[in-house]
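User: I'm new to this one and I'd like a close look at a single part of it rather than a tour of everything. Could you pick one spot and walk me around it, along with whatever sits next to it?

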Amino acid sequence: MACLVARSGRELQRYDNLGRRQVVGCIPYRFKNCSDGSVGDELEVLVITSQKGQARGMMFPKGGWELDESVEEAASRESLEEAGVLGNVEQLDLWPEKNVRQRIWMAVDEAREVCRDWWMKEALDILAERHTSLQQ
């Protein structure tokens, strides 16, 4: 059972020794289905809009890393809250930020074009490289 309420507030947020808030993220991905119903080897990634809308660009789920959770738990929580996906990509119809975000599955090349931040593009490139090297 997933919690369908997003955390709020910054009382539990982690900060580094320079006072910068620590953030975690995740690139939800899946393998695209072929026309015959089988699972192919082409990656699709899930991008989401900002709470302020698509005009601000697309991104991957990310947010603050809190004191009471591991980095993996924080990334999983952010993916659930912001994109409505869990674990081995179980996609939910309802999620905490459904009313303030859109989510779109797209090819890696398309996602690279629409992601707004250089570090998200860099993370996507690393994922694509790993996938390519595993195929070879």
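**A walk around the largest pocket**

Analyst: Let's start with helix α1, which gives four residues to the lining of the largest pocket, the most of any element. Keep in mind that this is a predicted model. The protein chain has an average pLDDT of 89, and 94% of its residues score at least 70. Confidence does vary along the chain: strand β4 (residues 53-59) has the lowest mean, 78, while strand β8 (residues 103-107) has the highest, 95. Where pLDDT is low, the predicted coordinates should not be read in detail.

Now the pocket itself. The volume of the largest pocket is about 450 Å³. Its lining is made up of 23 residues, and those nearest the centre are R21, K62, G63, E82 and R101. Three elements, β4, β5 and α1 (71-83), each give two or more residues to that lining. What kinds of residues line the largest pocket? Sorted by class, there are two nonpolar, seven polar and 14 charged ones.

Take two of the residues nearest the pocket's centre, G63 and E82. G63 sits in strand β5 (residues 62-64). Is G63 buried or exposed? With a relative accessible area of 9%, it falls under the 20% cut-off, so G63 counts as buried. Its contacts, once you skip neighbours within four places in sequence, are R21, Q22, V23, V24 and E78. Notice R21 in that list, since R21 is also among the residues nearest the centre of the pocket.

E82 belongs to helix α1. It is buried too, with a relative accessible area of 7%. If residues up to four places away in sequence are set aside, E82 touches I48, P61, K62, W95, E97 and R101. Two of these, K62 and R101, are again on the list of residues nearest the pocket's centre.

Stay on helix α1 a moment longer, because E78 lies there as well and is buried, with a relative accessible area of 5%. Beyond its neighbours within four places in sequence, E78 is in contact with V24, P61, K62, G63, G64 and A83. That ties in with the contact between G63 and E78 seen from the other side.

R77 is another α1 residue, and its relative accessible area of 12% makes it buried. Leaving out residues up to four places away in sequence, R77 touches R7, G64, E66 and E69. From R77 to G63 the distance is 9.1 Å, C-alpha to C-alpha, with their positions 14 residues apart in sequence. From R77 to T49, 28 residues apart in sequence, the C-alpha separation is 17 Å.

R21 and E69 lead us to R14, which touches both of them, along with R20, Q22, W65, E66 and L67, not counting residues up to four places away in sequence. R14 lies in the segment before β1 (23-25). Buried, exposed or in between: which is R14? Its relative accessible area is 21%, so R14 is partly exposed. R14 and L67 are 53 residues apart along the chain, yet their C-alpha atoms are separated by 5.9 Å.

I48, one of E82's contacts, takes us to some strand pairing. I48 stands opposite R103 in β8, and β3 and β8 pair antiparallel over five bridges. Four of the five residues of β8 are buried, so this strand is largely enclosed by the rest of the structure.

Strand β3 (residues 39-50) also runs antiparallel to β2 (residues 29-33), joined by four bridges, with R30 opposite E44. Together β2 and β3 make a hairpin with five residues between the strands, and G37 in the turn has a positive phi of about 95 degrees.

R30 turns up once more, in the lining of the second largest pocket, where its companions include C26, Y29, S76 and V89. The volume there is about 220 Å³. Elements giving two or more residues to this second lining are β2, α1 and β6 (85-86). By class, the lining has seven nonpolar, four polar and one charged residues.

Key: Residues numbered from 1 in each chain as written. Predicted model: local features only at pLDDT ≥ 70, side-chain atom pairs only at ≥ 80, totals over all residues. Heavy atoms only, no water. Pairing = 2+ DSSP bridges. pLDDT = per-residue confidence, 0-100. Buried < 20%, exposed > 50% of the residue type's maximum accessible area, 1.4 Å probe, protein only. Contact = heavy atoms within 4.5 Å. 1 Å grid on protein atoms, 1.4 Å probe; cavity = no way out; pocket = protein on both sides within 12 Å on 5 of 7 lines; lining within 4 Å. Points joined across faces, edges and corners; volume = space filled by probe spheres on them. Nonpolar A, V, L, I, M, F, W, Y, C, P; charged D, E, K, R; others polar.
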